[in-house]
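Thank you all for making time this morning. I would like to walk through one model with you, going from a helix pair to the sheet, then to the cores and finally to two places in the loops.

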Amino acid sequence: MAQEFLLVDGYNIIFSWPELKKIVKEGSLESARIRLADILCNYQGFRKNEVILVFDGYKSKGNLGTVIHYHNIDIVYTKEAQTADQFIEAVSYQMALDYQIRVATSDGLEQMIILAKGAVRMSAPELRREVKEAEKEIKKAQQSIKIQNSRNSLLDNLDPKQAEFLRQLRLQETLEPEEMKKINEKQQQQSQKPKKKKKK
């Protein structure tokens with residue numbers, strides 16, 4: 001399967017997600033950009049795709065465009081006279097033949113154009129749902145690791161016999177029924193063997 005690239009129209013997502021729009025209303029567009037970037041970093045770590053977050057830089061006079069590698073994603077600030085839409089459309093056209101391209105935006109016109117370029121569209125609410133699902137799975141994995149570490153810590157504090165008993169219980173949880181049956185039969189046979197009398 002072709003490698004997946006997710007292109008995100010940054011400002012479109014910021015002004016579509018309530019939690020990010022709230023940050024902007026509180027007076028910090030830069031904080032909203034950073035928050036979105038951090039969210040996408042976690043999402044990328046879970047999904048293992050390539051994420052490119054694109055922001056308009058076309059209003060900045062003399063701006064040559066900037067690409068920043070931020071943790072595990074790339075952030076693009078477009079050059080003067082180039083909008084995020086135009087950048088995303090050009091990249092989609094160039095890469096769609098060799099890669100699986102998904103574009104996250106709720107701009108209706110842009111969605112129509114990227115479909116024509118061979119990319120898959122994703123609305124801002126759809127991306128938000130995927131991000132929330134990824135966050136749930138990450139929390140489950142973290143909780144599982146925490147429980148496992150807690151169990152290991154418990155074994156470290158037990159005497160050898162108690163620790164071995166708990167290890168056997170864990171083993172029983174992972175064994176197939178037939179394997180478990182054989183182990184139980186073997187243990188039963190050993191327990192029924194007559195004990196040797198001590199010589200006086």
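H2 and H3 are roughly antiparallel to each other, because an angle over 145 degrees counts as such and these two helices pack at about 155°, with their axes 7 Å apart. I should say at once that this is a predicted model, so please take the angle and the distance as values computed from predicted coordinates. The crossing of H2 and H3 is right-handed. If you look at the residues that meet there, H2 contributes Leu-20, Ile-23 and Val-24, and on the H3 side they touch Leu-29, Ser-31, Ala-32, Arg-35 and Leu-36.

Let me step back to the whole chain for a moment. The protein has eight helices and six strands, and from the N terminus the elements follow one another as β-α-α-α-β-β-β-α-β-α-β-α-α-α. Of its 200 residues, 30% are buried. When we take contacts between residues at least 6 apart in sequence, 50% of them join residues that are at least 24 apart.

Now to the sheet. In which order do the six strands lie? The order is S3-S4-S2-S1-S5-S6, in an open sheet with mixed pairing. S3 and S6, the latter covering 120–122, are the edge strands, each of them pairing on one side only. On average, and with direction ignored, neighbouring strands of this sheet are turned by 20° against each other.

Strand S1, residues 4–9, deserves a closer look. S1 is joined to S5, residues 100–104, by five bridges in the parallel sense, and S1 also pairs with S2 in parallel over five bridges. Phe-5 makes both neighbours easy to find, since we can look for Ile-101 opposite this residue in S5 and for Glu-50 opposite this residue in S2. Further along S1, Val-8 stands opposite Leu-53 in S2.

Are the residues of S1 buried or exposed? Six of the six are buried, and this holds for both faces of the strand, with Glu-4, Leu-6 and Val-8 pointing one way and Phe-5, Leu-7 and Asp-9 pointing the other.

Two helices can be placed against these strands. H3 packs on the sheet and touches S1, S2, S3, S4 and S5, with a direction that makes about 165° with that of S2. H4, residues 84–95, lies across S1, S2, S4 and S5 and runs at about 165° to S1.

That brings me to the nonpolar cores. The largest one has 26 residues, and the members that touch the most others are Val-8, Trp-17, Leu-36 and Leu-127. The elements giving two or more residues to this core are S1, H1, H2, H3, S2, S4 and H6, and H3 gives the most, with seven residues. Apart from this core lies another, of 14 residues, which includes Phe-5, Val-76, Phe-87 and Ala-119. So that you can trace one member of the largest core in detail, consider Leu-127: leaving aside its neighbours within four places in sequence, Leu-127 is in contact with Leu-6, Val-8, Ile-13, Trp-17, Leu-40, Ala-104 and Met-122.

Finally, the loops. Most residues other than glycine have a negative phi, and against that background there are two residues I would like to point out.

His-71, in the loop between S3 and S4, has a positive phi of about 55° although it is not a glycine. His-71 is exposed, with a relative accessible area of 58%. Ala-81 is the other case, with a positive phi near 75°, and this residue sits in the loop between S4 and H4. Is Ala-81 buried or exposed? Ala-81 counts as exposed, because its relative accessibility is 62% and the cut-off for that class is over 50%.

To return to the start, the pair I would keep on the screen is H2 and H3, roughly antiparallel and with a right-handed crossing, and beside that pair S1, with six of its six residues buried. I am happy to take questions.

Notes
Residues numbered from 1 in each chain as written. Predicted model: local features only at pLDDT ≥ 70, side-chain atom pairs only at ≥ 80, totals over all residues. Heavy atoms only, no water. Core = buried A, V, L, I, M, F, W, Y, C linked by side-chain atoms within 4.5 Å. Buried < 20%, exposed > 50% of the residue type's maximum accessible area, 1.4 Å probe, protein only. Helix = DSSP H or I, 4+ residues; strand = E, 2+ residues; numbered from the N terminus. Contact = heavy atoms within 4.5 Å. Pairing = 2+ DSSP bridges. Axes fitted to C-alpha atoms, helices over the stretch in contact; angles between N-to-C directions. Parallel < 35°, antiparallel > 145°, perpendicular 65-115°, else oblique. Left-handed = near helix turned anticlockwise from the far one by under 90°.
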